[in-house]
Amino acid sequence: MEFTLKTFIFYGFALITIASALAVVTVRNIVHAAFALMVTLFGVAGLYVFLQADFLAATQVIVYVGGILVLILFGVMMTSGRLEMRIHIERGQLLLGGGISLALLMLLLTVIANTPKWENLTDDGTAFEPTTKRIGELILNEKFLLPFEVASVLLLVALIGAALISRKEVRD
Amino acid sequence: MPEIFSEGFFPNINLQDETNWATDFVRDVIIPRLPEAVAGHFPVELGTVLVMVAFAGIFVAVVPLLPLVLVLAERKVAARFQNRTGPMRVGPWGTLQTLADGIKLIFKEDYIPPQGDKLLFLLAPYIIFACSFAVFAAIPFGDGIPIPGDFNIGIFYIMAISSVIVMGVIMAGWSSNSKWSLLGSLRSAAQIVSYEIPLGLSILTVVMLVESLGMQQIVASQDGGIFTWLIFRTPFTFIAFFIFFISSIAEVNRTPFDLPEAESEIVAGFHTEYSGMRFALFFIAEYANMFAVSAIGVTLFLGGWQGVLPGYDFLGGFPGFVIKTLGLVFLMMWLRWTLPRLRVDQLMNLCWKYFIPISFFNILGTGVWGLIFRHDDVWSIGISCAIIYVGLISAYAVAGRSLARKPEPQPS
């Protein structure tokens with residue numbers, strides 16, 4: 001295999017992503033796991049940049065790190081006191097979970113096997129093209145308008161539901 | 001052992017685009033100065049990366065000097081507002097006070113709470129520090145000054161990076177294992193996450209008009225004097241600028257939105273347990289953030305490095321940019337020493353009940369405006385300025401009348 005700067009960058013980000021992802025699932029402290037997840041998300045964002053998907057990378061950071069992870073940590077801190085968790089797993093759960101994980105692994109391996117190897121990708125001469133405009137066109141003009149709207153309605157429903165559940169009736 | 005300085009090591013990498021400023025720097029400045037024997041074999045790609053790293057290093061070295069000035073300015077401004085003189089002992093008019101304080105902080109004990117989470121406690125200041133500095137990478141300081149991160153998604157990158165600061169705040173608050181720190185960091189996180197929404201929506205109005213996320217393109221579109229600055233381009237961006245400015249004060253946790261570090265309630269908020277240089281890192285990051293959000297405001301709404309008059313360099317270029325930015329910084333200090341702190345419910349009301357609906361209205365309005373006036377010309381800008389003028393006068397009249405009324409009774 002040729003050893004280029006590309007290789008360095010790719011394996012650097014891949015190492016960061018995989019090592020921190022391992023930490024997420026093996027570390028006992030939930031808060032540590034959450035912060036390891038932050039590193040994982042950054043690693044994936046780095047891979048997106050490597051693939052010249054800059055908009056996607058920034059979205060990844062802003063949505064997952066700046067939003068969802070903060071909410072997870074909020075949840076953990078509000079219910080603090082049980083940080084060290086020993087999770088007991090029943091045999092049935094182990095089998096079911098293992099089966100599902102194995103199926104997912106097979107699926108991913110199939111996808112990986114059918115994707116051309118990234119080292120063999122050659123520069124086809126096209127210049128770097130900003131993705132932002134294309135994404136916007138696809139979402140609002142072309143084929144992804146309906147899924148986009150359905151997702152936004154789903155989020156709205158979730159928002160209203162959360163407000164309804166958390167709101168107390170105030171009488172005065 | 002691979003030969004690092006040969007062509008074979010980096011044969012055909014393609015760093016995004018060939019006309020990168022760092023690549024140009026390597027080709028035009030470095031290679032002609034090398035000896036003949038080396039010049040032919042110099043790896044341009046590796047050189048590009050090194051030049052970028054070196055330039056980033058300059059930023060990391062220079063930007064901490066900013067707080068050195070800003071902290072002194074803050075203390076002097078505060079002193080003037082309170083009819084004092086401020087620091088006067090160290091150096092002429094106390095100008096070396098911050099330096100003395102910095103040296104003092106370096107020599108202080110680096111205390112780590114024994115009950116806390118040591119790893120995260122040590123890591124937190126660096127996350128905040130790194131994120132505040134990464135923002136500077138995409139700010140266009142002047143005409144011809146290269147931006148280390150000249151992305152086509154500039155402003156989106158800035159928003160993404162600054163949203164990570166919350167993680168550092170939470171990390172600091174949690175790992176200190178102190179109630180004050182935890183409360184402070186939770187308040188801070190809630191506040192930053194909430195105010196990011198009106199902030200982002202206000203930025204979106206600018207992006208809609210410019211049709212680009214790149215910082216250079218945004219500045220380039222304001223070429224032509226003060227009335228082509230995006231703040232005056234439509235009445236909606238005029239409103240958006242104030243929402244942006246107030247939200248960014250909340251983002252950097254300054255008075256009147258400094259609930260995360262309210263001294264009378266929770267000591268010093270998320271950095272209560274920090275001492276010495278680690279505390280100084282938070283402090284530096286806070287002032288760097290302040291400068292950064294002002295610089296972003298100037299870039300987006302106040303013309304960036306473009307001058308006030310079309311064709312003249314007055315208040316333009318790098319000095320003009322810095323003057324405008326420092327003007328906004330002064331405005332922040334002014335507000336800090338004038339206004340009292342908000343309550344938590346007031347803070348959230350302001351964001352969710354006023355700023356977010358107004359921001360949505362702004363976006364709608366900007367879209368309609370863009371449909372009516374396809375191109376910015378004398379007419380559209382004239383109409384815009386007229387609407388802003390009438391709006392300001394009527395707002396003044398309404399505010400005057402409502403302020404004359406009795407205040408509402410406080411909730412018990």
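Let's start with contacts in chain B. Take pairs with a separation of 6 or more: 77% of those contacts involve residues 24 or more positions apart. Keep in mind that this is a predicted model. For chain A, the share of contacts joining residues at least 24 apart is 56%, again among residues at least 6 apart in sequence.

Now burial. Chain B has 412 residues, and 42% of them count as buried. Chain A has 172 residues, with 17% counted as buried.

Secondary structure is quick. Chain B has 16 helices and zero strands. Chain A has six helices and zero strands. Read chain A from the N terminus and you get α-α-α-α-α-α.

I want to spend most of my time on one helix, H8 of chain B. H8(B) covers residues 179-210. Three packing partners come up: H11(B), H15(B) and, from the other chain, H3(A).

First partner, H11(B), residues 235-251. The axes of H8(B) and H11(B) are 9 Å apart, and the packing angle is about 150 degrees. What does that angle make the pair, parallel or antiparallel? Over 145 degrees counts as roughly antiparallel, so H8(B) and H11(B) are roughly antiparallel to each other. Their crossing is left-handed.

Who touches whom? On the H8(B) side, the residues include Ile192(B), Tyr195(B), Leu199(B), Ile203(B) and Val206(B). On the H11(B) side, they include Phe236(B), Ala240(B), Ile243(B), Phe244(B) and Glu251(B). By class, this contact has twelve nonpolar residues, six polar and one charged.

One residue to find on your screen is Gly200(B), in H8(B). Its C-alpha atom is 8.2 Å from that of Phe244(B), although their positions lie 44 residues apart along the chain. To be exact, Gly200(B) and Phe244(B) are 44 residues apart along the chain. Is Gly200(B) buried or partly exposed? Gly200(B) has 18 C-beta neighbours inside 10 Å. Buried would take 20 or more, so Gly200(B) counts as partly exposed.

Second partner, H15(B), residues 344-372. The axes of H8(B) and H15(B) come within 9 Å and cross at roughly 15 degrees. That makes H8(B) roughly parallel to H15(B). This crossing is left-handed too. The H8(B)–H15(B) contact has 15 nonpolar residues, nine polar and no charged ones.

Third partner, and here we change chains. H3(A) covers residues 54-78 of chain A. H3(A) and H8(B) pack at about 150 degrees, with axes 11 Å apart. That makes H3(A) roughly antiparallel to H8(B). The crossing of H3(A) and H8(B) is left-handed.

Which residues meet here? From H3(A), Val70(A), Phe74(A) and Met77(A). From H8(B), Leu182(B), Leu186(B), Ala189(B) and Val193(B). By class, that is seven nonpolar, no polar and no charged residues.

Next, two other helices of chain B. H7(B) runs over residues 154-175, 22 residues in total. First C-alpha to last, H7(B) reaches 33 Å, close to the 32 Å expected. How many of its residues are buried? The count is 22 of the 22, so H7(B) is largely enclosed by the rest of the structure. Just after H7(B) comes Asn177(B), with a positive phi of about 55 degrees.

H13(B) has 26 residues, 276-301. At 1.5 Å a residue, H13(B) should span 38 Å, and its end C-alpha atoms are 38 Å apart, which agrees. H13(B) is mostly covered, with 21 of its 26 residues buried. Just after H13(B), Gly303(B) takes a positive phi of about 85 degrees.

Last topic: positive phi in loops. Most residues other than glycine have a negative phi. Two asparagines in chain B loops go the other way.

Asn83(B) has a phi near 60 degrees. Asn83(B) sits in the loop between H4(B), residues 65-81, and H5(B), residues 97-107. Exposed or buried? Asn83(B) has 6 other C-beta atoms within 10 Å, so Asn83(B) is exposed.

Asn253(B) has a positive phi of about 55 degrees. Asn253(B) lies in the loop between H11(B) and H12(B), residues 263-266. With 24 C-beta neighbours inside 10 Å, Asn253(B) counts as buried.

To recap on H8(B): roughly antiparallel to H11(B), roughly parallel to H15(B), and roughly antiparallel to H3(A) across the chains. That's it from me.

Conventions
Residues numbered from 1 in each chain as written. Chains lettered and ligands numbered in written order. Predicted model: local features only at pLDDT ≥ 70, side-chain atom pairs only at ≥ 80, totals over all residues. Helix = DSSP H or I, 4+ residues; strand = E, 2+ residues; numbered from the N terminus. Buried ≥ 20, exposed ≤ 12 C-beta atoms within 10 Å, placed from the backbone. Axes fitted to C-alpha atoms, helices over the stretch in contact; angles between N-to-C directions. Parallel < 35°, antiparallel > 145°, perpendicular 65-115°, else oblique. Left-handed = near helix turned anticlockwise from the far one by under 90°. Nonpolar A, V, L, I, M, F, W, Y, C, P; charged D, E, K, R; others polar. Contact = placed C-beta atoms within 7 Å. Expected span 1.5 Å × (residues − 1).
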